[in-house]
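Reader: I would like a close look at the side-chain pairings in this model, taken one pair at a time and with the surroundings of each partner described. Please go through them carefully, in connected prose.

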Amino acid sequence: MGKTNGFMDEALAEARLAAERGEVPVGAVIVLDGKVVARAGNRTRAENDITAHAEMVAIRHACETLGQERLAGADLYVTLEPCTMCAAAISFARIRRLYYGAEDPKGGAVDNGVRFYAQPTCHHVPEVYSGLGETEAAGLLTGFFKAKR
């Protein structure tokens, strides 16, 4: 298993931890120079904060850890296609590459929905790689929502 899969495995582990906390199971990991600098799962319920998506929490932690407002050269691994809010934050943070697992036809904003990075108002477009860990990521989400019904 290569590093790419290893980093997505870590994001999937964060998604499983989020599910255990009763959060929608989405996990994110930020990597810079081959090292994980931040990891997070969804925390919207725990923090009573609709902006506490896994990507947002991971970006905040990475910026705090590194003492900088942008993350040029960093890669983000996330288990679900980012929503518009997260896609914008990824762009504003100048993330180099975005790897995501499952597509989100309802709420995604990268390859679905508004396709944020294709808009002329988007100033920084990360390289995007989709489908990494897709089966497991989608399975976590499906299982979580089935259990809720």
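**Charged and aromatic side-chain pairs**

Author: In this predicted model, the side chains of E10 and R39 meet in a salt bridge, with 2.7 Å from N to O. The two partners come from distant parts of the chain, since E10 belongs to helix α1 (residues 3-20) and R39 to strand β2 (residues 35-41), 29 residues apart. Neither end is described as buried: E10 is partly exposed, with a relative accessible area of 25%, and R39, at 38% relative accessibility, also counts as partly exposed. As background, side chains of opposite charge can pair when their charged atoms come close. A search of the whole structure finds six salt bridges, and two further ones deserve a description here.

Both of these involve R97. In one, the side chains of R97 and D75 meet at 3.5 Å, N to O, and this pair links R97 in strand β4 (residues 97-102) with D75 in strand β3 (residues 75-80), 22 residues apart. The surroundings of the two ends can be stated separately: R97 is partly exposed, with a relative accessible area of 21%, whereas D75 is buried, with a relative accessible area of 6%. Because the limit for buried is under 20%, the value of 21% places R97 among the partly exposed residues.

In the other, the side chains of R97 and E127 form a salt bridge of 3.2 Å, again taken from N to O. Here R97 lies in strand β4 and E127 in strand β5 (residues 127-130), so the pair ties together parts that are 30 residues apart in sequence. E127 is partly exposed, and its relative accessible area is 36%. Salt bridges that share partners join D75, R96, R97 and E127 into one network, so that the two R97 pairs described above can be read as parts of that network.

Turning to the rings, a search of the whole structure finds five aromatic pairs. The ring centres of F7 and Y77 are 5.4 Å apart and the planes stand at 50°, so this pair is tilted. F7 lies in helix α1 and Y77 in strand β3, and the pair therefore ties together parts that are 70 residues apart in sequence. Both F7 and Y77 are buried. A second example is the pair of F116 and Y117, which is edge-to-face, with 5.8 Å centre to centre and 80° between the planes; both F116 and Y117 are buried. Ring pairs also link F7, Y77, Y99 and Y129 into a cluster, which places the tilted pair of F7 and Y77 within a wider set of rings.

Y117 leads on to a histidine. H124 lies in the loop between β4 and β5, and at 18% relative accessibility it counts as buried, because the limit for that class is under 20%. A polar atom of the H124 side chain lies 2.7 Å from the backbone oxygen of I95. Leaving aside residues up to four places away in sequence, H124 touches I90, S91, R94, I95 and Y117, so I95 appears both in the polar approach and in the list of contacts.

Notes:
Residues numbered from 1 in each chain as written. Heavy atoms only, no water. Salt bridge = Lys/Arg side-chain N within 4 Å of Asp/Glu carboxyl O. Helix = DSSP H or I, 4+ residues; strand = E, 2+ residues; numbered from the N terminus. Buried < 20%, exposed > 50% of the residue type's maximum accessible area, 1.4 Å probe, protein only. Phe/Tyr/Trp six-rings, centres within 6.5 Å; stacked < 30°, edge-to-face > 60°. Polar contact = N/O pair within 3.5 Å; in protein donor to acceptor, adjacent residues only side chain to side chain. Contact = heavy atoms within 4.5 Å.
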